[in-house]
Amino acid sequence: MTNLKQIGILILIIAGLMVPVSAHGVHVTTNESTIIIADNSTSKLARSVVDEMGVNVTVYKFASADDVAHELEHALNDSNKKILAVAYTDTVQQFISQHPEVSSRILAVDANQNSIQQGLTKLNVAGSTSSGFLTPLLSGLLIGLVFGLGIGAVWMKRKLV
């Protein structure tokens with residue numbers, strides 16, 4: 001019986017030392033800096049606009065307003081996260097009215113092509129992934145010029161000596 005008491009006391013001590021964990025829901029998005037909140041009826045339109053614009057934005061289909069509210073709460077702590085909502089706009093507007101400090105990072109727009117494009121432009125994500133041809137060309141020329149001047153100087157110094 002004493003072994004049983006000792007095991008019981010040990011279990012109580014371990015239980016007393018355990019730290020309580022408080023968790024709420026699943027965080028849908030991970031490290032994406034810009035997302036679009038959509039539903040079944042708006043996700044294809046949002047995806048086509050994102051593809052057409054060539055921007056790095058992920059479109060998520062949400063199933064309920066509670067899931068959207070939970071995702072918006074995560075945006076409070078992440079100042080780099082930008083959210084464009086084309087669905088559940090009432091939930092998003094209510095969240096923005098309660099937290100006006102995020103109004104520059106969270107927008108609710110109508111579910112049409114022009115509104116989505118304007119919303120992405122307002123969030124400063126339009127064209128953010130396209131670097132074009134000129135930047136790599138100029139970088140390569142600059143690196144080649146510096147490297148060539150260095151080699152030329154060493155070569156000329158050896159010729160003169």
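Which residue in β2 does Ala 38 stand opposite? Select Ala 38 and look across to β2: the residue opposite is Lys 61. Keep in mind as you go that this is a predicted model.

**The sheet**

Now widen the selection to β1, residues 34-38, and you will find it running parallel to β2, with 4 bridges joining the two. Next, bring in the whole open sheet: its 4 strands follow the order β2-β1-β3-β4, and the pairing is parallel. Colour β2 (58-61) and β4 (106-108) to mark the edges; each has a single partner strand, so one of its sides has no neighbour in the sheet. Turn the view and you can follow the twist from strand to strand, with neighbours turned by 20 degrees against each other on average, direction ignored.

**The helices on the sheet**

Select residues 65-77 next. This is helix α3, which packs on the sheet and touches β1, β3 (82-85) and β4. Compare its direction with that of β1: the angle is about 160 degrees. Then move to helix α4, residues 89-98, which also packs on the sheet, where it touches β3 and β4. The direction of α4 makes about 140 degrees with that of β4.

**A salt bridge in α2**

For the last stop, show the side chains of helix α2, residues 43-53, and pick out Arg 47 and Asp 51, which lie 4 residues apart, about one turn of the helix. They form a salt bridge, with 3.1 Å between the closest N and O atoms, and the structure holds 1 salt bridge. Switch on a surface here: Asp 51 counts as exposed because its relative accessibility is 51%, while Arg 47, at 32%, is partly exposed.

Note on methods:
Residues numbered from 1 in each chain as written. Predicted model: local features only at pLDDT ≥ 70, side-chain atom pairs only at ≥ 80, totals over all residues. Heavy atoms only, no water. Pairing = 2+ DSSP bridges. Axes fitted to C-alpha atoms, helices over the stretch in contact; angles between N-to-C directions. Contact = heavy atoms within 4.5 Å. Salt bridge = Lys/Arg side-chain N within 4 Å of Asp/Glu carboxyl O. Buried < 20%, exposed > 50% of the residue type's maximum accessible area, 1.4 Å probe, protein only.
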